[in-house]
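I opened the model to work through one helix, some backbone oddities and two buried sites. My notes follow in the order I looked things up.

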Amino acid sequence: MTTKSIGEPIKRVEDARLVTGKGRYSDDLMPGALEMAVLRSPLAHAKIISIDIDPVLDVPGVHAVYTYDDLEGPLAEPLPLLIPHPDLTHGRTQYALANGEVNYMGEAVAVVVADNRYIAEDAVNRIVVEYEALPVVVGVDGARKADNLVHEDVPGNVAARMEQGFGDVKKALKKAPNKLTLDLKIERSAASPMEGRGTVARWDQDLKRLSLWSSTQTSTGVRAAVASKLGLDLGQVDLITPDVGGGFGVKIMHPWPEELLVPLAAMNLGKPVKFTEDRREHFISSAHERGQEQHIEVGFDDEGRILGLDFQFWHDHGAYTPYGLIVPIITSTQFLGPYKLPAYHVVFESLYTNTVIVTPYRGAGRPQAVFAMERTMDAIAKHLGMDRAVVRQNNFIQPEEFPYAHGDLNFQDGRPLVYDSGNYPELMEKAKNLVGWGEYEAFRDEAKAEGRKVGIGIACYVEGTGVGPYEGGHVRIETNGKVKVATGLTSQGQGHETAFAQIVADELGAKFEDVEIVTGDTRRMPYSVGTFASRAAVMSGSAIALASRKAREKVLRLAADALEVSEDDLEINDSVVSVKGAPETKIELGTLAVLSNPLRYAFDEASKAATQFAVGDPTKPPIPDGEEPGLEGKDFYSPMRSTFASGIHAVIVETDPETAEISILKYAVVHDCGTLINPMIVEGQIHGGVAQGVGGALYERMEYDENGQLQNASFMDFLIPYVTEVPTKIDIDHQVTPSPLNPLGIKGAGEAGVIPTAAAFAAAIEDAEGITITSMPISPSELYDLRLRDSSAVDERTQA
C-alpha cells in the first residue's frame, strides 16, 4: 500500500475484529471476578432515615456490603466538581453512596459484592431502607417557580447565572424596523450507547498496584480520580480502556460511583471485582442532556440582517453539577452559528431538578443553540416573505473576514470565541444544489396535486472542535519494522486505529499496514485529557503527526550516517529509506531501529548488528550527545484555541394528511472539517450523527412524572429510530477550508451529523404544515394535536 494515505477512504482496520465478535469489552474481562450490584433510590427526593443490611450478611456468596458509613477519607467526601467556573456559585455533586439524602430516582445508596451478579442482585433486594419523602422539583418550570428546593441551601434552585454579550442590544432592538419574539423548547434525551458503563479492578498486594479497566472516554481522568479518592499515588494505578461500545459523551463524565467502589472492593477483598451496568440502570442513573427553555428577541432590517438579538434560556442540569457549565456555555456561544451579529446579549440560568444529572451528549449544547438560531432565521424569513436561504446568506460571515472574533465572548475552553476558517456562502451553494433547493417548488406543486404534504428545511451550524488543553503521541519503530503508536485519549468506534495510522504512514513514510495504534492505556501514554468535543483527530492526530516528524528526523540522521550520505539526499517510502535517484542504496526502518540501540549482548541475528564490535565509531560515545537509545518520537499538541468546523443540513419530509406520520424523502449534508484524513470515516460519522439527530427530532425524550419517576426507562418505551426510520440514503458533500491552528489543518467531525438535525426537521415540518413549530422532538400525535389547535384557531378567527 502506498504510504500517501491521508485523504484516502481506507477501510477501517479495527472492524474485522469488532464485527466478528472478537472485541474485548469490560464485561468480557476477568472471568470469574466477583460482581457488584447497586441499590438505587426508588424516590426522586428523600431523606434516608435508616439502612438495614443485616438481611444480606448471611446470604451465601456475598462478600461485602457498602453504604456511605463504610466510606472513609476522600472517598467519604462529595465527588469532584470537574470543571469549576466562577459563575457556578452553587455547584453541588453527589457522594459515591448517598449521604443521608437522595436527590434523584436512581441515585446509588448501597452496593453488594458477591460471587456473581445474580447473587448480588438478590442480596441488594434484601437491603431495607427507610425513606422520608421530600417535595420533588421536575422540569424547568418547576425549578424556576422554586416552590420547592432540590438543595435546601441553593436559593431558587439556581446553580449558576451567566451573562455575556457585545454591542448595545437594547439600542439595536429599539431602532430595528422589524422585531420578533420567540419562545422555544428542547426536551431532555439521552445518549443510549449499545454498551452501558462498566468497570473491572484487580489489586496486586505484592506490588501495591491497581489495574483498572473502565468503559470510559477518559482513561487518565478516571485514573487520577481513583488515585485521589483511594489515597494512592498516581503511579500505582494503571487504567486500561478496553473496547468501548459507544460513548457519545455520557462516558466522559467521571468518576462514576462504581469507578471508585469497584477498586475499593477489589483492594479490600484481594480479589478482582467487576460492575456492568444494565439498561435500566443506564436510563435512571447515567447522564441525560438537551432539556432547555429559550426566549429570543430579535431586531432586523428589511433584508433580514440581524441588528440586535437578546437570548435568554433556562437549562435543566438535573440534581447535581459535576461537569460544570459546559453544556449551557456551548449553547450560549454556538448560538451565533455562521452569522455576523453587530449586537448580542445572552444570559442563562442553570437549574437544579430532582432528575438524573445532565452532562454532554453528542452535540453538547449545540443542537439546542442551532435550534434556537435557525428557528429565528426561519421566523425572520417568514415575517419578510423572503427565501429562507437568502436571509441566512445575508447574515453570513464572509470568507475574507477570518479569523473572525465574536466580540468579547469566551468559548467553553475559556478562550476567546474566534473562528479560525470557513466559507459559509460556498457551503450554502453546495447544500442548495445537493438538496435541490431551486427545484423544490415544482416538486411541492406536483405533490400537492396528488394530495400530499411535503416540506423542506435547512439549518446551518458552526461547531467548536479540538478543545485543549493538550494530547500526546508516542511513535516507536520496532526492530522488526513495525511502528507502535500510543495516544492517551480513548476510542469508542471512531476509527482511530485507521485514521491515526494514516497520519503516521504519511508523516513517517512507513507502510500503513505496519502501523499499530494503542489508545487509552495509561501504561503507554500517562498524559492525556480524553475523547469528547470532536477533538480526537485535531488533538491526538496533531500530536501523532508531530511525534512522527520527530521520529522521522532521527531516522534520517541514522540513515545518513549508515549510508554515508546527506540527510537532504534521503527519502522514506514504504518503510525503506533510500537515496533520491539511487533507490538501490537503501536501509529499512527495522534495521535502523536495531542500530539505534547499541547493545552489549546479542539475542538474535538482528541484534548482532548493534553490538559493540559490530557498529559504532570507537572515537565517539556509542550514543551521541543529545540522543537517546531507540528509534522513537514523542510530542504533545496544545492549541491556543479551538478550531471551528461548519456545515449545513437540508431535509425534505412528507407528513401524512391523516395520521401525521413524518417520512424523510431526502437528506443532504455539506460539511467542512478542514483536511479529511479518511473521507469514508468522516461520512460514517455523519451517518451515525444524522441517525441520532433523527431520534432527537422525532422520537427520543425522557418522560418524568410530577414525582420525578422516569416513565420510559426501557427501549420498549424510550423510542430510538431503527434503520427503517433513518434516511436510506444521505447525500454528502465536503468543503475543505483547512484550519491554520494545527499542523494538519484538521477540524473535528464527530458531532456534525447530530447538531442541526432538529432545526432542519422543524423547518421542514413547518413548511409542510404551515404550523409554527416551537418545540422538539415532535411525534405524529403531537403534530396531529397541533393541527387540531391550528384548525380551532382558524375557526375562531373566521367566526370573529
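**Helix H11**

Which elements do the buried residues of H11 pack against? I kept in mind that this is a predicted model. I found five partners: strand E16 (306-316), helix H10 (366-384), helix H12 (424-435), strand E20 (453-465) and helix H19 (757-769).

Next I listed the buried residues themselves. H11 spans residues 388-395, and Arg388, Ala389, Val391, Arg392 and Asn395 are buried in it. They sit on the same side of H11, because they cover an arc of only 160° around the axis.

I then checked the start of the helix. There a side-chain oxygen of Asp387 comes to within 2.7 Å of the backbone nitrogen of Ala389.

**H11 against H12**

How do H11 and H12 pack, and at what angle? I read an angle of about 165°, with the axes 10 Å apart. An angle over 145 degrees counts as roughly antiparallel, so that is how H11 and H12 run relative to each other. Their crossing is right-handed.

I also noted who meets whom. H11 brings Ala389, Arg392 and Gln393, and H12 brings Met428, Glu429 and Lys432. Ala389 thus turns up again, having appeared among the buried residues of H11 and in the approach of Asp387.

**Backbone oddities**

I went through the peptide bonds and phi values next. Most residues other than glycine have a negative phi, and most peptide bonds are trans.

Where are the cis bonds I noted? One joins His254 and Pro255, with omega about -15°. Pro255 lies in the loop between strand E12 (237-240) and helix H7 (257-269). Another runs from Gly468 to Pro469, with omega near 5°. Pro469 lies in the loop between E20 and strand E21 (471-477).

I also noted positive phi values. Ser192 has a phi of about 55°, although it is not a glycine. Ser192 lies in the loop between strands E9 (189-190) and E10 (198-204). Its relative accessibility is 16%, so Ser192 counts as buried.

Ala533 has a positive phi too, near 55°. I placed Ala533 in the loop between strand E23 (515-519) and helix H15 (536-563). Is Ala533 buried or exposed? It is buried, with a relative accessible area of 10%.

**Tyr461**

I returned to E20, where Tyr461 is found. Tyr461 is buried, at a relative accessible area of 1%.

Which side chain does the side chain of Tyr461 make a polar contact with? I found His671, at 2.9 Å. Beyond four places in sequence, the contacts of Tyr461 include Pro338, Val370, Ala645, Val670, Ala752 and Pro756. Ile755 is one of its contacts as well. The C-alpha atoms of Tyr461 and Ile755 are separated by 7.4 Å, although the two residues are 294 apart along the chain.

**Gly647**

Gly647 is one of the contacts of Tyr461, so I looked there last. Gly647 is found in strand E28 (residues 643-655). It counts as buried, at 1% relative accessibility.

What does Gly647 contact, leaving aside neighbours within four places in sequence? I listed Leu427, Ala459, Cys460, Tyr461, Val670 and His671. Val670 and His671 are in contact with Tyr461 too. The C-alpha atoms of Gly647 and Pro338 are separated by 9.1 Å, with their positions 309 residues apart along the chain.

Technical notes
Residues numbered from 1 in each chain as written. Predicted model: local features only at pLDDT ≥ 70, side-chain atom pairs only at ≥ 80, totals over all residues. Heavy atoms only, no water. Buried < 20%, exposed > 50% of the residue type's maximum accessible area, 1.4 Å probe, protein only. Helix = DSSP H or I, 4+ residues; strand = E, 2+ residues; numbered from the N terminus. Arc of directions from axis to C-beta. Contact = heavy atoms within 4.5 Å. Polar contact = N/O pair within 3.5 Å; in protein donor to acceptor, adjacent residues only side chain to side chain. Axes fitted to C-alpha atoms, helices over the stretch in contact; angles between N-to-C directions. Parallel < 35°, antiparallel > 145°, perpendicular 65-115°, else oblique. Left-handed = near helix turned anticlockwise from the far one by under 90°.
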